[in-house]
Amino acid sequence: VAVYGGVRSAIHGVHSGSAAIARIDGIGSAPRFLRSELAQALAQPLRHDDQGRPVYFSGSEHEMRYVAPLPGYLGKLGPQLQVLKLVDDGKGGQRLELSLALLPPDGQPPKPLGKPQVLLDHVKAGSFGYRGRDAQNRELPWADDWADGQRLPQLVRVRLQLQDGYDWPELDAPLRVDAS
C-alpha cells in the first residue's frame, strides 16, 4: 500500500509538472506568434464599406480583423483574413482564438479554413487597444476601437489577465505597413 501510494503521488507530480510546463510554453508562444503575424499585416482589403471604399483593418476591444500571410508552409495558401477574438469559454472566463479564411481573388466572401484555433485559454480578462495616426498624420492616443478602416494602426496592444496566476507579458506589436 505504501509503495502504491508513493508511485501514485510521483505520477501525479509528473502530470502536474508537465501541465505547468505546457501552460508556460503556451503563454510564451502566443505573444511571439501574435507579434509575428501582426508585423506581417498587409494593406490588402478584407472587405469594402457601404461607400465601396476598401477596409484594411477592423478592430474593437475584443476582436480584430486584418490580412496577413501565415509563416512557412501554411503561407502557401496566400494572404488570409485573420480574426483574433476574445471569446467566452463557458466557464466564467475567456479564451483567445484565431480564425483564418482564404480571400478569393474574385471578391467573393472569405472561405473559412477550419475551426478557430485556441491560442490561449484560462483568460480572466482581456482587451485589445490601437494607436496610430489620423488622415492629417496627427498621432492618436490609445483607443479600444480602430474606426478608420482605410488606415492600419501603427501599434496593437494585447492585454490579458490569466486565471491561474501566470503573468502575460503586455504586448505592443507594431504593424509595418501603412495602407494610406
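Is Arg159 buried, exposed or partly exposed? Arg159 is partly exposed, at a relative accessible area of 42%. Hold on to that residue; we come back to it. One caveat up front: this is a predicted model.

Let's start inside. The largest nonpolar core has 29 residues. The ones with the most contacts inside it are Phe57, Met64, Leu96, Phe128, Leu160 and Trp168. Which elements give two or more residues to this core? One helix-numbered element is on the list: α1, spanning 2-39. Then come the strands: β4 (63-68), β5 (80-88), β6 (94-102), β8 (117-131), β9 (155-162) and β10 (171-174). There is also a second, separate core. This one has 7 residues, among them Leu46, Val55, Val67 and Leu103.

Next, the rings. The count is 2 aromatic pairs. Phe57 and Tyr66 make a stacked pair. Their centres are 6.3 Å apart, with 15° between the planes. Phe57 is buried, at 1% relative accessible area. Tyr66 is buried too, also at 1%. The other pair is Phe57 with Tyr130, and that one is edge-to-face. Here the figures are 5.7 Å centre to centre and 75° between the planes. This pair links distant parts of the chain. Phe57 sits in strand β3, residues 57-59, and Tyr130 in strand β8, 73 residues apart. Tyr130 is buried, at 0% relative accessibility. Put together, ring pairs link Phe57, Tyr66 and Tyr130 into a cluster. And remember Phe57 from the core: it is among the residues with the most contacts there.

Now charges. Side chains of opposite charge can pair when their charged atoms come close. How many salt bridges does the count come to? The count is 10. I'll take three of them.

Glu63 pairs with Arg65, with the closest N and O atoms 2.7 Å apart. Glu63 is partly exposed, at 23%. Arg65 is partly exposed as well, at 28%.

Arg157 pairs with Asp172, and the closest N and O atoms are again 2.7 Å apart. Arg157 lies in strand β9 and Asp172 in strand β10, so this bridge ties together parts 15 residues apart in sequence. Arg157 is buried, at 14%. Asp172 is partly exposed, at 28%.

Back to Arg159. Its partner is Glu170, with the closest N and O atoms 2.8 Å apart. Glu170 lies in the loop between β9 and β10, while Arg159 is in strand β9, so the pair ties together parts 11 residues apart in sequence. Glu170 is partly exposed, at 45% relative accessibility.

These last two bridges belong together. Arg157, Arg159, Glu170 and Asp172 are linked in a network of salt bridges. Both β9 and β10 are also on the list of elements giving two or more residues to the largest core.

Last item: the largest pocket. About 220 Å³ of space lies in it. What lines this pocket? On one side of the numbering we have Gln44, Pro45, Leu46, Arg47 and His48. Further along come Leu103, Pro104, Pro105, Gly107, Gln108, Pro109 and Pro110. By class, that lining has 7 nonpolar, 4 polar and 1 charged residues. Two names should ring a bell: Leu46 and Leu103 line the pocket, and both belong to the second core.

That's the tour. Questions?

Key:
Residues numbered from 1 in each chain as written. Predicted model: local features only at pLDDT ≥ 70, side-chain atom pairs only at ≥ 80, totals over all residues. Heavy atoms only, no water. Core = buried A, V, L, I, M, F, W, Y, C linked by side-chain atoms within 4.5 Å. Buried < 20%, exposed > 50% of the residue type's maximum accessible area, 1.4 Å probe, protein only. Helix = DSSP H or I, 4+ residues; strand = E, 2+ residues; numbered from the N terminus. 1 Å grid on protein atoms, 1.4 Å probe; cavity = no way out; pocket = protein on both sides within 12 Å on 5 of 7 lines; lining within 4 Å. Points joined across faces, edges and corners; volume = space filled by probe spheres on them. Nonpolar A, V, L, I, M, F, W, Y, C, P; charged D, E, K, R; others polar. Salt bridge = Lys/Arg side-chain N within 4 Å of Asp/Glu carboxyl O. Phe/Tyr/Trp six-rings, centres within 6.5 Å; stacked < 30°, edge-to-face > 60°.
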